[in-house]
Amino acid sequence: MLESRAFVLWLPLSTVLLIIPNLAVAVIPQVGPFLFPRQLDAGMRASVQCAIVSGRPPFEFTWLKDDQKLTEVHGVSIRKIDDFTSNLVIAEVEADSNGNYTCKVSNSAGSDQKSAVLSVKGIFIHPNNEKESG
Ligand SMILES: *[C@@H]1O[C@H](CO)[C@@H](O)[C@H](O)[C@H]1NC(C)=O
């Protein structure tokens, strides 16, 4: 008798205790900024970390280059360090490495992203050059 009454009280209490942590899970991730070194010569190694400064795991990391999903080819590697950190390494930067790199992080609540531009020293992007004469 006493036991079943205790159970009736325990049930709603346990429901509340289960819901509270789940509300905390619904926190949109916030990604910290990252930068490529300004002095990057061709052949150098570029390594940046995408670190989440707030939000609750599990997260899904996506790296993009100029808004296209980055694939692990030609010395480009992506490694998840822990629940909150993903590491992007370009073993040897070259002209083709130049671009705008974005780390996008999402969880069940939403997503956030940060971007950084990689520009290999001595290789400049002048989008209008082709239109200019002499
Ligand atoms: C890089 O890409 C992001 C995401 O598309 C964009 O918001 C940002 O303006 C871009 N930065 C530059 C310098 O192009």
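These are my notebook entries on a predicted model of one chain with a ligand.

**Ground rules**

I count residues from 1 along each chain as its sequence is written. Because this is a predicted model, I take local features only at pLDDT of at least 70 and side-chain atom pairs only at pLDDT 80 or more, while totals for chains, interfaces and linings use all residues.

**Confidence**

I checked pLDDT, the predictor's confidence in each residue from 0 to 100. The chain averages 84, and 72% of the residues score at least 70. Over residues 129-134 the pLDDT stays under 50, and there the model has zero contacts beyond four places in sequence. A contact here is two residues whose C-beta atoms, placed from the backbone, lie within 7 Å. Where pLDDT is low, the predicted coordinates should not be read in detail.

**Overall layout**

I looked up the secondary structure and found one helix and eight strands. From the N terminus on, the order is α-β-β-β-β-β-β-β-β. Helices (H or I, at least four residues) and strands (E, at least two) are DSSP runs, numbered from the N terminus. Of the contacts with a separation of 6 or more, 64% are between residues 24 or more positions apart.

**Sheet with β1, β2, β6 and β5**

What is the order of the strands in this open sheet? I read β1-β2-β6-β5, with antiparallel pairing. Two strands pair if DSSP finds at least two bridges between them. β1 (30-31) and β5 (76-82) are the edge strands with a single partner each, so one side of each has no neighbour in the sheet.

β1 and β2 run antiparallel and are joined by two bridges; V31 has I52 of β2 as its bridge partner. β5 pairs with β6 (residues 85-90) over six bridges, again antiparallel, and S77 stands opposite V89 in β6. These two strands form a hairpin with two residues between them.

How many of the seven residues of β5 are buried? The number is zero, so β5 lies largely in the open. My cut-offs, with C-beta atoms placed from the backbone: a residue is buried if 20 or more other C-beta atoms lie within 10 Å of its own, exposed if 12 or fewer, and partly exposed in between.

**Sheet with β4, β3, β7 and β8**

I then followed the open sheet with the order β4-β3-β7-β8, where the pairing is antiparallel. Its edges are β4 (68-69) and β8 (110-118), each with a single partner strand, so one side of each is left without a neighbour in the sheet.

β3 (residues 60-65) is joined to β7 by six bridges and to β4 by two. L64 of β3 is handy to look at: T102 in β7 stands opposite L64, and K69 in β4 is a bridge partner of L64. In the hairpin of β3 and β4, with two residues between the strands, D66 takes a positive phi near 50°. β7 (residues 99-107) and β8 are joined by nine bridges, and T102 has S115 of β8 as its bridge partner.

**Core**

I noted that buried residues make up 16% of the 134 residues. The largest nonpolar core has 11 residues: V31, V48, C50, I52, F59, W63, F84, L88, Y101, C103 and V105. Such a core is a set of buried Ala, Val, Leu, Ile, Met, Phe, Trp, Tyr and Cys residues joined through C-beta atoms within 7 Å. β2 (46-54) and β7 are the elements that give two or more residues to this core. In soluble globular proteins, nonpolar side chains tend to be buried together.

Is L88 buried or exposed? With 24 C-beta neighbours inside 10 Å, L88 counts as buried. L88 sits in β6 and touches V48, W63, I78 and Y101, leaving out residues up to four places away in sequence. L88 and C50 are 38 residues apart in sequence, yet 7.9 Å apart in space, C-alpha to C-alpha. By the same rule on sequence distance, W63 touches L70, I78, L88, Y101 and C103.

**Around the ligand**

Which residues are around the ligand? I listed D67, N100, T102, S115 and V117, where near means a C-beta atom, placed from the backbone, within 6 Å. β7 and β8 are the elements that give two or more residues to this shell. By class I count one nonpolar, three polar and one charged. Here Ala, Val, Leu, Ile, Met, Phe, Trp, Tyr, Cys and Pro are nonpolar, Asp, Glu, Lys and Arg are charged, and the others, Gly among them, are polar.
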